[in-house]
Amino acid sequence: MRLSRFFLPTLKEIPAEAQIVSHRLMLRAGLVRQTASGIYAWLPAGLRVLRNISEVVRQEQDAIGAQEVLMPTLQPAELWRRSGRYDAYGPEMLRIRDRHERDLLYGPTNEEMITDLFGQSVKSYRELPQVLYHIQWKFRDEVRPRFGVMRGREFLMKDAYSFDIDHASAVASYHRMMLAYLRTFQRLGVKAIPMVADTGPIGGELSHEFIILAPTGESGVFYDGAFETHDWLAEPVDVDDPASLQAFFARTTAFYAATDEKHDEAAWSTVAPERRREGRGIEVGHIFHFGTKYTGSMGVSVSGPDGQPVFPQMGSYGIGVSRLVGAIIEASHDEAGIIWPDGVAPFPAAILNLKPGDAACDALCERLYAAAPGRLLLDDRAERAGVKFNDADLLGHPWQFVVGPRGAAAGRVELKRRATGERSEIDASDALSKIAALA
Ligand code: 5CA
């Protein structure tokens, strides 16, 4: 993408309504714009980030055998009357009436709809387990939407739902999902820690929140430093073996981790002092096992091995995909702007042409750009070098290829790593191989 043609409305002024750094940076870097309280339009650079995050989430869901569907945003009230949640959900639910006076709602979550879809088609225990998920917009009429996309009214969620024939199998589904979550967050370049949680309006007996560490987070957290270095991608877990999953879950939950609401001083005091960490965090995921709460209340059963009807055991598993964009920025920025983890950034790298119109600069930039057409951002604007440096740092591209007239004449490029500020001068041919490896 050529920056001269890219719809990237950056702001110089810091918007007054934005109280936290991620909200300020998302507005300044032209990622989103608010269209109504707690409702945002995603502009091209922001949408690229949202898509990159969704793709990692999708790959890790698929890797544990979850299957993607797409349920609508609008749901008939009737489904929620069957579970008893239509009245219980309260004013957070946006209720809508169509021209035929039928009650609809904009889904805040999808337990009822997926249970109904499941019940229409699955009749036998032989078809279990099933795990279905979608990535879809939700609406919750929060009293006080704030912090930009972090607590919006309309937000993008990945929500998955598992159906199992018995408790043991449902617990294995829960463990599998916990592994998928830890892998997902690690691939997104953030440290997320699972913490025992309350189940709230979703209900259930077993629940964990996943908290990203960020100094500006809403909750206080206490955790074992072992989480900071653990490599979840290297966990030796056989996801088809419940015993292996159980062992992974036991290892993971053996480390102390709690939000301030659940903090237990006695248990905390058993953590080695040099490993005790206190910080702040943001909830980016939440998983629940709630047994037969919805299958039971909605009368959805399958025939069991002995021919008798059985209410399948369920769990639901959410990731705040749009919240993650803000949370990643909270966890990864400096005074100059965003520092995107690799794989999340709108572009893996930017090429900065410091002197458009200079024949050597233009020729070298075009060569680099053509090595990964459309994948990198080429700053070809007729702007001063300082403006380009500032915008590249604000946008947070993991790598910057800086092409100035003197270097270009000698076939040299300066390569900057955004996260460390490290710079090195490399040959154009090395820049080309680096771009090939990135794109
Ligand atoms: N049905 C369950 C799991 S599928 C559920 O709805 N869980 S939840 O309420 O915890 O939401 C899942 C995730 O959505 C949260 O962990 C959070 O990351 C995100 N989320 C919840 N409310 C908002 C909001 N108002 N704005 C942005 N993200 C939100």
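A pocket is an open set of points on a 1 Å grid over the protein atoms alone, where a 1.4 Å probe fits, with protein on both sides within 12 Å along at least five of seven lines. This is a predicted model, in which local features need pLDDT of at least 70, side-chain atom pairs count only at pLDDT 80 or more, and totals for linings use all residues. Residues are numbered from 1 along each chain, and side-chain values use heavy atoms, without hydrogens and water.

Q: What makes the ligand count as sitting in the largest pocket?
A: A molecule sits in a pocket if more than half of its atoms lie within 2 Å of the grid points. The ligand is placed in the largest pocket, so it meets that rule.

Q: Why is the pair between glutamate 111 and the ligand called a polar contact?
A: The cut-off is 3.5 Å between N or O atoms. A polar side-chain atom of glutamate 111 lies 2.7 Å from a ligand nitrogen, so the pair qualifies.

Q: Which distance puts arginine 140 in a polar contact with the ligand?
A: An N or O atom of the arginine 140 side chain is 2.8 Å from a ligand oxygen.

Q: What makes Thr109 a residue near the ligand?
A: Near means a heavy atom within 4 Å. Thr109 is among the closest of the 22 residues around the ligand, so it has such an atom.

Q: Why are E1 and E2 called paired strands?
A: Pairing takes at least two DSSP bridges. Strand E1 (residues 32-36) and strand E2 (residues 39-42) have four, in the antiparallel sense, so they pair.

Note on methods. A polar contact is a pair of N or O atoms within 3.5 Å; within protein, one must be able to donate a hydrogen and the other to accept it, and residues adjacent in sequence count only if both atoms are side-chain atoms. On a 1 Å grid over the protein atoms alone, a cavity is a set of points where a 1.4 Å probe fits but cannot get out, and a pocket is an open set with protein on both sides within 12 Å along at least five of seven lines; lining residues have an atom within 4 Å of a point. Helices (H or I, at least four residues) and strands (E, at least two) are DSSP runs, numbered from the N terminus.
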